[in-house]
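Reader: Got a minute to walk me through this one? I'd like the fold, the packing and any oddities.

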Amino acid sequence: MPGPPSDGGTSTKPLTLDDERAIWLTTLYETNVRMVSKTCRRLLDNAEDAADATHEVFLRAAASLHTPPDGKDARAWLTTVARNYCLDLLRRRRTHEAALTTLGASAIALESETTVVDRQLAQAVFDQLAVRERRALWE
């Protein structure tokens, strides 16, 4: 008596929750990646930053979503996450640039004092060197 029919070595085992989640996350990505990328590109005005932001949005989606969202809800949610992420990134950059500008301004104000102290320190170190060591520094 022949055995059960063979399916060419592949079997259809039931999908696990992880398999199902991977499928709907893949579908979510494939369906919405262009829309998220365009949103990020428009806000950041930089292709590389937009690509990084797009990936971050989908990483956040993978971490936050535990059940498949409805199509329209998913698009709205992803758009909101993309917009908020990009605006936060721009806000952090502005704050960082302002801090650097402030540090630069205060560095200029202190430059004359620092130069005097640095010269005195350099002279003190230089004075402690032997003649041969001093020549080596100048050659």
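**Fold, core and a few oddities**

Author: Let's begin with a loop: Asp 45 sits between α1 and α2. Bear in mind that this is a predicted model.

Reader: What's the phi of Asp 45 near?

Author: Near 55°, a positive value in a residue other than glycine.

Reader: And is Asp 45 buried or exposed?

Author: Exposed, with 68% relative accessibility.

Reader: Okay, zooming out. How many helices and strands does the protein chain have?

Author: Four helices and zero strands. Going along the sequence, the pattern reads α-α-α-α.

Reader: What share of the residues counts as buried?

Author: 17% of the 139 residues in the protein chain. The chain exposes about 11100 Å², and carbon and sulfur atoms supply 57% of that.

Reader: What about contacts across the sequence?

Author: Take the contacts between residues at least 6 apart in sequence: 62% of them join residues at least 24 apart.

Reader: On to packing. How many residues are in the largest nonpolar core?

Author: 21 residues. Those with the most contacts inside this core are Leu 28, Val 36, Cys 40, Ala 53, Val 57 and Leu 78.

Reader: Which helices supply at least two residues each?

Author: α1, α2 and α3, the last one spanning 71-128. The largest share comes from α1, with eight residues. As background, nonpolar side chains in soluble globular proteins tend to be buried together.

Reader: Leu 28 was on that list. What does Leu 28 touch, leaving out residues up to four places away in sequence?

Author: Phe 58, Ala 61, Leu 65, Pro 69, Ala 74 and Leu 78.

Reader: Phe 58, huh. How many aromatic pairs are there in the whole structure?

Author: One. Tyr 29 and Phe 58 form that pair, edge-to-face, at 4.8 Å centre to centre with 70° between the planes.

Reader: Why does that pair tie together parts that are apart in sequence?

Author: Because Tyr 29 lies in helix α1 (residues 17-44) and Phe 58 in helix α2 (residues 47-64), the pair links parts that are 29 residues apart in sequence.

Reader: And how do the two partners count for accessibility?

Author: Tyr 29 is partly exposed at 32% relative accessibility, whereas Phe 58 counts as buried at 10%.

Reader: Any polar residues tucked inside?

Author: Have a look at Asn 32, which lies in helix α1. Asn 32 counts as buried, with 2% relative accessibility.

Reader: Which side chain does the side chain of Asn 32 make a polar contact with?

Author: That of Arg 75, at 3.1 Å. Setting aside neighbours within four places in sequence, Asn 32 is in contact with Phe 58 and Leu 78 as well as Arg 75.

Reader: Last topic, cysteines. How many disulfides does a search of the whole structure find?

Author: Zero.

Reader: Which cysteine sulfur is closest to that of Cys 40?

Author: The one in Cys 86, at 3.5 Å. A disulfide needs the sulfur atoms within 2.5 Å, so Cys 40 and Cys 86 are too far apart for a bond.

Reader: Are those two cysteines buried or exposed?

Author: Cys 40 is buried at 0% relative accessibility, and Cys 86 is buried at 0% too.

Conventions
Residues numbered from 1 in each chain as written. Predicted model: local features only at pLDDT ≥ 70, side-chain atom pairs only at ≥ 80, totals over all residues. Heavy atoms only, no water. Buried < 20%, exposed > 50% of the residue type's maximum accessible area, 1.4 Å probe, protein only. Contact = heavy atoms within 4.5 Å. Areas by Shrake-Rupley, 256 points an atom, 1.4 Å probe, with all protein chains shown as cover. Phe/Tyr/Trp six-rings, centres within 6.5 Å; stacked < 30°, edge-to-face > 60°. Core = buried A, V, L, I, M, F, W, Y, C linked by side-chain atoms within 4.5 Å. Polar contact = N/O pair within 3.5 Å; in protein donor to acceptor, adjacent residues only side chain to side chain.
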